[in-house]
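This briefing sets out the main structural features of the protein shown below, grouped by topic. Please read it alongside the sequence and the structure.

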Amino acid sequence: MSEFAENSTLKLSPLTVTEPEDYEDPLELMDEIDRLKVEKDATILAHYYVDGEIQDVADFNGDSLKLARDATQVSTSTIVFCGVHFMAESAKILNPEKTVLLPDLLAGCSLAESCPAEKLAAYQADLRAKGHDFETVSYINTSAAVKSLSDWIVTSGNAREIIDRVPTDKEILFVPDQHLGRYLSEVTGRDMILWPGSCMVHEIFSIQDMRRVKKNNPGSQVIAHPECPKSILDESDFIGGTEKMRRHVMEVTKPTTYLVATESAMIHPLEKAAPQHTFLPVPGVMESTGETCACNRCPHMARNTLQKLRDCLKTGQPEIEWQPYFEKAQEVLTRSLLQ
């Protein structure tokens, strides 16, 4: 034994964990939110893509179609929409007499941003000038201004049904998701003029890594959102929106490993609905470097936090204010989603 070893004593400092200065205990926040809901006469709606802890404290969870319908059944004077801006806009449009809050006004949507209303209006005018006789079918992932320029609004949950309502002698201009539009064109047999938009999350899935994960999990099944590119959809075992995914896995009793090709927070409601299964996120790939990443998380949805939810309940801000074009959007939303 060395002289150093004989004469040395190893002293261990106690392990300390330093929390961020703004850290708040999630369970205490959830208790506070429950109290504030009653105090402020508020109902919380949460999309499947927000963090699981927010879904757990919400009164209603769901996809865009379900939540739009749920919003019309709310009896409280205030709705807090944990999702992104276009969803809160739709809740306000369908409930003009209620206060509608969004925890973070910067929670936007890459799809909605890819189709500005003024550019859509110009494109519609150009198509008409060239002799096209069409109806505009807009994905719900659009601004209220775009909805006011549309003939129909669809979600991934009701898109096939709505497409069937468009007269067959009309062309269809589908905006803004080119991947969803291409998929709907295939399954309905209707030709479409597609706007070149896409979802930043669904666009990045790596087909090579999906194949690798599937190979490493024999017997696994791929469930994919129709916003994914065709390469992903072509190798998927089930294609559907978030609510259809949830119902699909609930119907399967045999324990199965599912590879989930949509926003990674969707795994939370899937695990709650069908705990007999294993759910693995399909990896994404960064366009700049080609490296695999865990980037199948929507940065806009992630702006919703328990702290921001608590704060907006406390202050009544940020609020979605009624805009003049909401009235026209209200007619098409009501006809498309509620009738």
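**Structural briefing**

In this predicted model, one open sheet is built from 4 strands in the order 2-1-3-4, with parallel pairing. Another open sheet, likewise of 4 strands, follows the order 6-5-7-8, and its pairing is parallel. The domain assignment divides the protein into domain 1 (26–107 + 303–322), domain 2 (112–199) and domain 3 (207–297). The points below treat the sheets, the interface of domain 1 and domain 3, the salt bridges and the backbone.

**The sheet with strand order 2-1-3-4**

- The strands at the edges of the 2-1-3-4 sheet are strand 2 (60–62) and strand 4 (99–101), each of which pairs on one side only.
- On average, neighbouring strands of this sheet are turned by 20° against each other, with direction ignored.
- Strand 1 (residues 42–47) and strand 3 (residues 78–82) run parallel and are joined by 5 bridges.
- Within this pairing, Leu45 is placed opposite Phe81 in strand 3.
- Helix 4 (residues 64–71) packs on the sheet, where it touches strand 1, strand 2 and strand 3. The direction of helix 4 makes about 150° with that of strand 2.
- Helix 15 (residues 306–315) lies across strand 1, strand 3 and strand 4, and runs at about 160° to strand 3.

**The sheet with strand order 6-5-7-8**

- In the 6-5-7-8 sheet, the edge positions belong to strand 6 (152–154) and strand 8 (192–194), and each of these pairs on one side only.
- From one strand to the next, the twist of this sheet averages 30°.
- Strand 7 (residues 171–175) runs parallel to strand 8, and 3 bridges join the two.
- Leu173 stands opposite Ile193, a residue of strand 8.
- Helix 10 (residues 178–188) lies across strand 5 (134–139), strand 7 and strand 8. Relative to strand 8, helix 10 runs at about 170°.

**The interface of domain 1 and domain 3**

- The centres of domain 1 and domain 3, taken over C-alpha atoms, are separated by 27 Å.
- Contact between the two involves 9 residues of domain 1 and 12 residues of domain 3.
- About 880 Å² of area is buried between domain 1 and domain 3, and carbon and sulfur atoms give 49% of it.
- Across this interface, 6 residue pairs are in polar contact, counting pairs with both residues at pLDDT 80 or more.
- Helix 3 (residues 52–57) supplies the largest share of the side of domain 1 that touches domain 3, namely 3 residues.
- The count of salt bridges between domain 1 and domain 3 is 1.
- Asp56 forms a salt bridge with Lys272, and the closest N and O atoms of the pair are 3.0 Å apart.

**Salt bridges in the protein**

- Side chains of opposite charge can pair when their charged atoms come close.
- The total comes to 20 salt bridges.
- Glu32 and Arg310 meet through their side chains in a salt bridge, with an N to O distance of 3.0 Å.
- Because Glu32 lies in helix 2 and Arg310 in helix 15, this pair ties together parts that are 278 residues apart in sequence.

**Backbone features**

- Most residues other than glycine have a negative phi, and most peptide bonds are trans.
- Asp41 is not a glycine, yet Asp41 has a positive phi of about 55°. Asp41 is located in the loop between helix 2 (26–39) and strand 1.
- Val175 and Pro176 are linked by a cis peptide bond, with omega near -10°. Pro176 is found in the loop that lies between strand 7 and helix 10.
- The peptide bond that joins Gln317 and Pro318 is also cis, and its omega is about -5°. Pro318 lies in the loop between helix 15 and helix 16 (326–338).

Key. Residues are numbered from 1 along each chain as its sequence is written. This is a predicted model: local features need pLDDT of at least 70, side-chain atom pairs count only at pLDDT 80 or more; totals for chains, interfaces and linings use all residues. Side-chain values use heavy atoms; hydrogens and water are left out. Two strands pair if DSSP finds at least two bridges between them. Axes are lines fitted to C-alpha atoms, for helices over the stretch in contact, and angles run from 0 to 180 degrees between N-to-C directions. Contact means heavy atoms within 4.5 Å. Domain bounds come from an automatic or database domain assignment. Buried area is the accessible area (1.4 Å probe) that two parts lose on being put together, summed over both. A salt bridge is a side-chain nitrogen of Lys or Arg within 4 Å of a carboxyl oxygen of Asp or Glu. A polar contact is a pair of N or O atoms within 3.5 Å; within protein, one must be able to donate a hydrogen and the other to accept it, and residues adjacent in sequence count only if both atoms are side-chain atoms.
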